[in-house]
There are 2 protein chains.
Amino acid sequence: MNHLYEKTVKTTEIFKGKVIDLEVQEVELPNGKMSSREIVKHPGAVAVLPITKEGKIVLVRQYRKALGKTIVEIPAGKLEKEENPLDSAARELEEETGYKTDKLDFLLSFYTSPGFADELIYLYMTDKLEKGTTNMDEDEFLDLLEVSLEEAEQMVKDQTIHDAKTAYAILYLRMKAGFGS
Amino acid sequence: MNHLYEKTVKTTEIFKGKVIDLEVQEVELPNGKMSSREIVKHPGAVAVLPITKEGKIVLVRQYRKALGKTIVEIPAGKLEKEENPLDSAARELEEETGYKTDKLDFLLSFYTSPGFADELIYLYMTDKLEKGTTNMDEDEFLDLLEVSLEEAEQMVKDQTIHDAKTAYAILYLRMKAGFGS
């Protein structure tokens, strides 16, 4: 795809944070003209769609400062350094919900905002949950919810659920459940 | 949800760019302790799932500097100032694919990365396309593809399609098409 390639001519580091870094790259476009790209570097993330024995979906309500409000999401968190996504998903699930599992099925991974960020989310599902111990990060506060698929779909409609990974997970469950239910 | 609320004590502007801004907010957590949040401000975006008369999905292949590679996505772009999402979606569709439409069905909106960014994507679908005129942004280069649902699903599997909005759109189409096809 050489006719689409943008060559980096110069990289300027703008910010190094605890979650993200920001850099600006001066690039040479395919037509030889120059432009700039603002790029957020992120360590990547994991998310888990957890289903209880009773068929309920385990969700967390969290205040998201970037949005200035609470939204409801499937359990998720960022990858720690040198942690593999599967271990990270099991860890985040237990930390946030108190449920342990030894069975995580990989669904897919996707970039969340390829226009400006390299964040890649690995999405897993489990329907084998055992009681473990919640152990939130010290700057993390959340409510736990267990809802039916129909309740979750209503939350997508009224935007209580309003993020890409959770919307995908709920649609995936609807697909698996079929149209009749 | 007051028990989850984080109060901003101080906001530091780090960067103002052409696509995103970055700020760091010092926040008071629900337990009274202090923490910081790194927040990317984004104008929001639109994406369109376009289906041709022949039932093909119109996709674009683009080099994404943030990822260092090309991926295939549904047509999308960021909201221009004071532009409403519906007009923006029609504009981006025609600019990127050369197809015009007067029928855009709103599917849903979602935040892409609520942990660190306020980007909200409005997702539309159309199955009424007419030939218009491509008119790319001057720093935008892309290939057009028209593929079947099965081909698109294969591209999700092999990660040629590897972003949240497009994965959601393909799954949505699969749901609409049912399991038999």
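## Two positive-phi residues and the frame of chain A

At 37% relative accessibility, Gln159(B) counts as partly exposed. This comes from a predicted model. Buried would require under 20% relative accessible area, and exposed over 50%. Gln159(B) sits in a loop of chain B, between helix H2 (149-157) and helix H3 (164-177). Its phi is near 65°, a positive value in a residue other than glycine.

Chain A offers another case. Glu82(A) has phi near 60°, again positive and again not in a glycine. Its loop runs between strand S7 (76-78) and helix H1 (85-97) of chain A. Glu82(A) counts as exposed, because its relative accessibility is 83% and the exposed class begins over 50%.

| Residue | Phi | Relative accessibility |
|---|---|---|
| Glu82(A) | near 60° | 83%, exposed |
| Gln159(B) | near 65° | 37%, partly exposed |

Now the wider setting of chain A. Its secondary structure comprises 3 helices and 12 strands. The C-alpha atoms fill a box of roughly 60 × 40 × 30 Å along the principal axes. Of the 181 residues in chain A, 56% are buried. Take the contacts in chain A between residues at least 6 apart in sequence: 57% of them join residues at least 24 apart.

The surface and charge figures follow. Chain A has an accessible surface of about 8200 Å², and carbon and sulfur atoms hold 47% of that area. There are 24 positive and 34 negative side chains in chain A. The centres of these two sets lie 3 Å apart.

Note on methods:
Residues are numbered from 1 along each chain as its sequence is written. Chains are lettered from A and ligands numbered from 1 in the order in which they are written. This is a predicted model: local features need pLDDT of at least 70, side-chain atom pairs count only at pLDDT 80 or more; totals for chains, interfaces and linings use all residues. Side-chain values use heavy atoms; hydrogens and water are left out. Helices (H or I, at least four residues) and strands (E, at least two) are DSSP runs, numbered from the N terminus. Buried means under 20% relative accessible area, exposed over 50%, partly exposed in between (1.4 Å probe, protein chains only). Contact means heavy atoms within 4.5 Å. Accessible areas come from the Shrake-Rupley method with a 1.4 Å probe; for residues, only the protein chains shown count as cover. Lys and Arg count as positive and Asp and Glu as negative; His and the chain ends are not counted. The place of a charge is taken as NZ of Lys, CZ of Arg, CG of Asp or CD of Glu.
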